[in-house]
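Let's take a look at the empty spaces inside and around this protein. Where are they, and what lines them?

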Amino acid sequence: MDLKKTILLSCKWILICALIGLFSGSASALLLVALEWAAQLRTQNIWLILFLPIGGLLIGLLYHYYGQDAVKGNNLLLDEYKTPKKTIPLKMAPFVLLGTIITHLFGGSAGREGTAVQMGGAISDQFSKLFKLDATDRKTLIILGISAGFASVFGTPLAGAIFALEVLYCCKISLKSSILSFVVAFFAYYTVEIWGVHHTAYSIPTVPELNFENLLWIIPSSILFGLAAMLFSRSTHFWTSLFKKIISYPPLRPYVGGIIFALVVYPLGATKFMGLGVPSIVEAFSKPSESYDFLLKILFTGFTLGAGFKGGEVTPLFFVGATLGSALSVFIPLPIALLAGMGFVAVFSGATHTPVACTVMGMELFGIESAVFIAISCCIAYLASGSVGIYHSQTVEGVKYHLYEKFKSKKFKHL
């Protein structure tokens, strides 16, 4: 390829990254503003949770009659990357945005990462037609959409770029895709900044020396983070399977789920488990959480998403990890903020099989000083969380895959 063609090709992909970053970043900015509005309105009017069943029915009807080709959500992006078939429908973006806002407004327990990633993937894949890209380049577009959505919604461009690559680790990823993933992540990140939308700030003010004694405390706590990730993933899959088995008509699943959720949560006044739960996450860095907070968040989020409500899993995973780490500070002689920060990213690492991205995210959010503690915790939690993650279509590869296969063969070889 001559120099002129190389320059033109580079300019084309930079333009594509800029466009994806602009549109995906703007969509994430809209999502963040809308969720903040929904959270404030819900907090001031707790009785809104009584309308959760109606909101669930609306989501169910919308997807059943108009969004069958978009209902798989993040798993559709993973499937299309593995085996490109047809362009991801653009309607996925407004559908998941509306569904997520309804879920949060009426008190469902859900996140936002899945929404941002789906919007990014749906937006990015539309450029395959505009620029007449082939199947290989479509894969690159899907990576760019995931990267842009993740980076913009959490304010972590490096982690977003790596997450998009690592979550698809089982598939062949080109050098071009790797480089462009970082480019689009920063475009999307700065788009949100330009819109004046800010992300939650976290900090770990005290980081102790990494000595043998502290390492001994990191290991058991990280194993617990991995087990919490496993419980979260299996809980979500369990509720999804149960609702499908019991209720054959899809629109009724979130309706019935909404009734049960409202009847349980409203009388108990368990408002901190509604929505994202960011105030509880922030509080966990300075005040020990209740020992059962992480379990209830797992229960409520798994039930909400399993019933068919929309949103993501990642912020609830942050909640689970931060509150678990905070609760462990009563027994483990490490700074509470450090344990909360370790849990924050380690549970996420185990549930998504992305220890590298989570380590980088920890450094972006909490600072480089805690990097070694974060990295060790993410890797141990990743290995301890089992082979099942939050994404059905994700294939486990690498060290965890080989350890799991070895364990499985030994366990069942005499059967």
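A cavity here is a set of grid points where a 1.4 Å probe fits but cannot get out, while a pocket is an open set with protein on both sides within 12 Å along at least five of seven lines. Keep in mind that this is a predicted model.

With that settled, start with the closed spaces. The structure has two cavities of 30 Å³ or more. The largest one takes up about 70 Å³. Around it sit Arg112, Phe154, His199, Thr200, Tyr202, Phe318, Phe344, Met361 and Leu365. Sorted by class, that lining comes to six nonpolar, two polar and one charged residues.

The second largest cavity holds about 50 Å³. Its lining is made up of Asn74, Leu77, Leu78, Glu113, Val117, Ile146, Phe163, Val167 and Tyr391. Two helices, α3 (74–82) and α5 (113–125), supply at least two of these residues each, and α3 has the largest share, with three.

Now for the open spaces. The largest pocket offers about 810 Å³. It has 34 lining residues, and Val71, Lys72, Thr240, Leu305 and Lys310 are the ones nearest its centre. Plenty of elements pitch in: α2 (52–66), α3, α5, α10 (212–246), α11 (252–268) and α13 (293–307) each give at least two residues to the lining.

Then there's the second largest pocket, at about 530 Å³. It is lined by 25 residues, with Glu36, Ala39, Leu276, Val278 and Pro279 closest to its centre. Here α1 (3–44) and α12 (278–284) are the elements that give two or more residues. The most come from α1, which contributes eight.

Here are the spaces side by side, with the make-up of each lining:

| Space | Volume | Lining by class |
|---|---|---|
| Largest cavity | about 70 Å³ | six nonpolar, two polar, one charged |
| Second largest cavity | about 50 Å³ | seven nonpolar, one polar, one charged |
| Largest pocket | about 810 Å³ | 12 nonpolar, 17 polar, five charged |
| Second largest pocket | about 530 Å³ | 11 nonpolar, 10 polar, four charged |

Finally, let's zoom in on a single residue. Leu339 belongs to helix α15 (residues 336–352). Is Leu339 buried or exposed? Its relative accessibility is 0%, so Leu339 counts as buried, the cut-off being under 20%. Beyond its neighbours within four places in sequence, Leu339 is in contact with Ser221, Phe225, Gly325, Leu328, Ser329, Ile332 and Leu334. As for Ala322, it is 17 residues from Leu339 in sequence, and their C-alpha atoms are 7.4 Å apart in space.

Notes
Residues are numbered from 1 along each chain as its sequence is written. This is a predicted model: local features need pLDDT of at least 70, side-chain atom pairs count only at pLDDT 80 or more; totals for chains, interfaces and linings use all residues. Side-chain values use heavy atoms; hydrogens and water are left out. Grid points are joined across faces, edges and corners, and a volume is the space filled by probe spheres set on the points. Ala, Val, Leu, Ile, Met, Phe, Trp, Tyr, Cys and Pro count as nonpolar, Asp, Glu, Lys and Arg as charged, and the others, Gly among them, as polar. Helices (H or I, at least four residues) and strands (E, at least two) are DSSP runs, numbered from the N terminus. Buried means under 20% relative accessible area, exposed over 50%, partly exposed in between (1.4 Å probe, protein chains only). Contact means heavy atoms within 4.5 Å.
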